[in-house]
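Hi everyone, thanks for coming. Today I'd like to walk you through one protein model, and please stop me whenever something is unclear.

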Amino acid sequence: MALDEIVEFSKAFHDEIRAEAHAIEALREEVFVLKMGDILEDYGEIEALTPCSYRSTGMKVDGYCYDDEFKDFTLVVSYYKDEEDLSNAKVTNTDVAREMKRVSGFLEKCLKGAHKKIEVSNEAYDLAKLIYDCRNEIRNVKFVLITDGVAPKNPSEVEEIEGIDISRTVWDIERTCLFYRTGEREQISIDFSEYCDGPLQCVAKKEESQVYTTYLGFIPGKALADMYAIWGIKMLDMNVRVFLSARGNVNKGIRNTIVESPEMFCAYNNGITVFARGVTLTDDGSGLVRANDFQIVNGGQTTASLYHTKKKYPHADLEKINVQMKITVIHDESQIDKLVPLISEFSNTQNKVQAADLAANQAPHPEIQAVSKAIAAPDPTGGSKQTYWFYERARGSYEEFKNLTAKTPAQKKHFDSLNPQKQKFDKIKFGKVWNASLRLPHLVSLGGQKNFARFNEWLREQKDEEWTSFFRKTIALLILWSEMERIVRRGSFGGHRDKIVAYSLSWFFHLTESRIDLEKIWQKQALPELICTCLEEISHVVNIHIRLTDLDVGEYCKKKLCWEKLLEKNFELPSGIKDEYIAGKTNKRYSAAVESETEALQFCKNMGSKAWFELSKWLKERDFLTPKARSQCFNMGRTLQQNKEPSVVLSTPCMKAWKDAEVRGWVVVQTTEEVSV
């Protein structure tokens with residue numbers, strides 16, 4: 001990438017950090033960590049960052065990501081120079097070594113009980129205690145140094161500390177610029193001879209229209225696990241901006257098969273589906289030598305299970321395992337963005353990886369961005385000054401639009417006046433503010449990418465929406481969110497501020513029955529003092545609530561139970577606040593449900609409790625599906641028998657288990673049973 005592009009990016013990046021820090025009354029380094037967290041998450045370096053700033057002698061950490069299933073940690077440490085001029089932003093090897101030593105020192109002292117010397121109110125206490133509690137189970141820790149300077153380009157380092165595998169990587173301003181501007185991830189090239197002792201035998205089938213070619217083969221389980229050990233989640237993250245969730249609970253059936261019956265793995269498992277930009281074959285065309293841009297679009301659970309089970313059960317014999325693999329090469333580059341998401345969506349695997357179009361190229365995102373460019377915000381002073389709220393639906397589109405419309409310094413200054421940095425929002429923030437208003441704080445707490453995936457599914461179902469009105473509501477929600485952030489930062493609550501923001505706003509919308517006059521907020525471009533006072537009182541209750549758990553607070557906030565227990569609490573709204581939200585039918589009420597979830601709920605209820613009990617028994621007698629799937633079917637029967645409303649979390653896998661059972665010969669016996677649901 002050209003130097004002038006990096007210089008330009010650095011200036012814009014720092015301008016954005018300063019504007020946002022001023023808007024939410026935060027330190028610039030705090031905002032830098034948050035912004036880098038979004039970028040690392042989008043890239044696939046981490047799943048979701050929890051900010052956690054802590055400094056002490058020989059120790060420093062600024063954020064972390066924790067995998068509850070595998071007890072793995074990513075610790076992020078910031079070296080923020082606050083220098084947009086690259087000539088003053090050099091980061092030396094000595095700087096890198098020093099910062100890595102500080103985050104390493106934090107880990108080592110936490111393993112020995114450093115939490116006992118950290119104030120419970122400090123946001124690092126939860127992390128330090130979590131590391132200590134997991135000390136005998138942690139297998140992998142990644143240190144990520146983020147900096148706004150220019151660092152040496154060294155390969156990632158790997159070592160061992162206290163029996164834990166440690167890897168190190170650096171994200172500097174150049175690497176950030178490259179990904180932010182181009183979206184380019186590392187392309188994974190797999191040389192099968194390195195993993196499979198030679199070319200991988202395959203059968204090729206070229207589609208008649210010449211659009212794609214499919215290759216079928218069987219890859220050794222050990223080879224797949226070894227690939228994952230090197231590339232990790234990047235093997236499961238499409239370069240065409242399709243986010244694939246690689247994490248989640250390892251299917252116990254897969255794990256048991258790996259450990260107890262590895263020779264049966266191929267019979268029980270549906271294999272993996274892979275996209276590649278190109279392959280190299282042996283001279284006779286019967287073997288795969290190499291695959292370029294090798295990315296798994298279905299079968300992430302299988303891949304992760306092989307790797308993590310081997311780590312947890314060293315005696316597991318992966319040499320006996322073969323995994324069915326289908327590689328699709330799309331010859332027309334222009335078709336990749338369209339076809340790869342469909343390949344992922346339609347692949348029928350036992351643990352389907354959900355795909356979300358994070359590029360936001362599909363409706364209604366372009367329409368909303370067009371509105372953002374066309375609708376000027378009211379002047380909060382009552383004057384005639386015009387400004388716009390810019391929806392950056394694709395990374396870098398704000399700067400691109402600026403470069404296209406503003407050529408001279410005067411024009412750029414005018415552009416900045418019309419489109420202030422503090423009034424720019426991206427798809428991650430878009431998803432957060434709406435899911436908070438839809439009373440889904442547990443989903444917001446999952447992290448930007450996962451939350452956006454669920455929000456995007458909901459948004460695309462709002463087919464009758466008038467997008468200009470929807471945009472104004474969105475801005476009102478952004479104003480609410482920003483004010484809530486300021487309130488929480490002033491509250492000195494310690495860690496998990498983002499969780500407090502999401503839960504406080506969701507509870508506020510619950511208490512007011514979602515009748516807040518968002519149009520009034522849009523017109524004033526500010527919140528009434530009474531609402532601010534109310535939100536401040538709510539935040540104190542929420543702060544106490546999310547910490548009433550034996551679990552890690554961050555993990556607890558991801559569970560629907562945390563939200564349900566908050567709803568059990570009483571809170572008296574200020575009497576005058578009724579003047580600030582709408583009574584009657586003039587305010588549109590939104591349902592948080594999406595069609596696929598509603599379909600699953602209705603399907604399960606229609607079957608009746610007895611059918612679910614019978615299905616669970618039928619599956620167990622034939623040892624079909626997994627023990628977890630059979631248990632879920634039984635729990636569905638019990639839920640309906642007790643006249644309870646089944647949850648989406650239970651209904652979705654149950655409907656899938658039913659359909660999978662039908663393929664295997666399951667036929668429901670019609671009964672006269674009546675189930676009250």
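Let's begin with empty space inside this predicted model: there are four cavities of 30 Å³ or more. Rolling a probe the size of a water molecule over the atoms is what shows where empty space is left. For the largest cavity, the volume comes to about 50 Å³.

Which residues line the largest cavity? They are Phe9, Ala12, Phe13, Glu16, Tyr180, Arg181, Glu399 and Lys424. Helix α1 (3-24) and helix α5 (173-182) each give at least two residues to that lining, and α1 has the largest share, with four. By character, the lining splits into four nonpolar and four charged residues, with no polar ones.

Now, on to the cysteines. How many disulfides does the structure hold? Zero. Take Cys562: its closest cysteine sulfur belongs to Cys557 and lies 4.6 Å away, and a disulfide needs the two sulfurs within 2.5 Å, so this pair is too far apart for a bond. Cys562 is also buried, because its relative accessible area is 0%. Cys177 counts as buried too, at 0% relative accessibility.

My last stop is helix α25, residues 609-622. Its 14 residues reach 21 Å from the first C-alpha to the last, close to the 20 Å expected. The buried residues of α25 include Trp612, Leu615, Trp618 and Leu619. In an α-helix, residues three or four places apart point the same way. What do the buried residues of α25 pack against? Their partners are α24 (595-607), α26 (627-641) and α27 (648-663). Just after α25 comes Asp623, with a positive phi near 55 degrees.

Note on methods. Residues numbered from 1 in each chain as written. Predicted model: local features only at pLDDT ≥ 70, side-chain atom pairs only at ≥ 80, totals over all residues. Heavy atoms only, no water. Buried < 20%, exposed > 50% of the residue type's maximum accessible area, 1.4 Å probe, protein only. Expected span 1.5 Å × (residues − 1). Contact = heavy atoms within 4.5 Å. 1 Å grid on protein atoms, 1.4 Å probe; cavity = no way out; pocket = protein on both sides within 12 Å on 5 of 7 lines; lining within 4 Å. Points joined across faces, edges and corners; volume = space filled by probe spheres on them. Nonpolar A, V, L, I, M, F, W, Y, C, P; charged D, E, K, R; others polar.
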